[in-house]
Amino acid sequence: MTDQIINFTNSLLPNTRLESGNSFFWSPKQNKITYNQSSITSPIGIWSMLHEVAHASMGHTNYSSDLELLKLEVEAWDEAKKLAADLGQMIDDDHIQDCLDTYRDWLHRRSTCPNCGIVCLQSTSILYRCHNCNTSWNVSASRFCRPYRLQIDSQKQERPQVLTATFL
Ligand SMILES: [Zn+2]
Ligand SMILES: [Zn+2]
């Protein structure tokens, strides 16, 4: 199965580099998929690989908000299911929901107002503002960092920012 999935990836994405490493991720900047050599033989490893192939084949390069990242993750799993079907495989839906829950939990932590506890909408890629109490807080740009919320002066200028990153 490992050879099959590597060959499948190479024929689908002839210009994308494949490299073995500690975990599975897609780097749009380097046009490279990193995969874990020892776990790619297991079902979850195969699903993870197909998920990264989906990110790459859909051309996911950046996102400007936490919610948009979650949307890209959902899209990548939908596409991964189709790729799996091409290989005669099925991706377990519970696994997909577990993965997406990680993002949903992360989004919930970042979007909860540190002052009044209400869930808020994001203002920029690194800033949230509460519609209830007007508190603003910065969030770290990189995903799955410990959510660090710093309250900032609400008068401060914010610059819109687009995040370029790797996709897990
Ligand atoms: Zn609030
Ligand atoms: Zn992903």
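S2 and S3 form a hairpin, with four residues between the two strands. Asn31 sits in the turn and has a positive phi of about 50°. The model is a predicted one.

Start with the pairing inside this hairpin. S2 covers residues 25-27 and runs antiparallel to S3, with three bridges joining the two. Phe25 has Thr34 of S3 as its bridge partner. Trp26 is bridged to Ile33, also in S3.

Now bring in strand S1, residues 17-20. S1 pairs with S3 in the parallel sense, over four bridges. Arg17 stands opposite Lys32 of S3. Strands of a sheet pair through backbone hydrogen bonds, either parallel or antiparallel. Here the pairing is mixed: three strands form an open sheet in the order S1-S3-S2. S1 and S2 are the edge strands, each pairing on one side only. From one strand to the next, the twist averages 20°.

S3, residues 32-35, has two distinct faces. Ile33 and Tyr35 make up the covered face. Lys32 and Thr34 make up the uncovered one. Set this beside the bridges. Ile33, on the covered face, is the partner of Trp26. Thr34, on the uncovered face, is the partner of Phe25. Lys32, also uncovered, is the residue opposite Arg17.

Next, the helices. Helix H1 spans residues 2-12 and helix H2 spans residues 43-57. They pack at an angle of about 5°, and their axes lie 11 Å apart. An angle under 35 degrees counts as roughly parallel, so H1 is roughly parallel to H2. H1 contributes Ile5, Thr9 and Leu12 to the contact, while H2 contributes Ile46, Met49, Val53 and Ser57. By class, these residues divide into five nonpolar, two polar and no charged.

How far should the 15 residues of H2 span? At 1.5 Å a residue, the expected value is 21 Å. The end C-alpha atoms of H2 are 21 Å apart, so the model agrees with that expectation.

H2 is also largely enclosed by the rest of the structure, because eleven of its 15 residues are buried. Among them are Ile46, Met49 and Val53, which also belong to the contact with H1. Trp47, Leu50, His51 and Glu52 are buried too. What do the buried residues of H2 pack against? Their partners are H1, S2, S3, helix H3 (66-86) and helix H4 (93-111). The hairpin strands S2 and S3 thus reappear here, as packing partners of H2. After H2 comes Gly59, whose phi is positive, near 70°.

Definitions and conventions:
Residues numbered from 1 in each chain as written. Chains lettered and ligands numbered in written order. Predicted model: local features only at pLDDT ≥ 70, side-chain atom pairs only at ≥ 80, totals over all residues. Axes fitted to C-alpha atoms, helices over the stretch in contact; angles between N-to-C directions. Parallel < 35°, antiparallel > 145°, perpendicular 65-115°, else oblique. Contact = placed C-beta atoms within 7 Å. Nonpolar A, V, L, I, M, F, W, Y, C, P; charged D, E, K, R; others polar. Buried ≥ 20, exposed ≤ 12 C-beta atoms within 10 Å, placed from the backbone. Pairing = 2+ DSSP bridges. Expected span 1.5 Å × (residues − 1).
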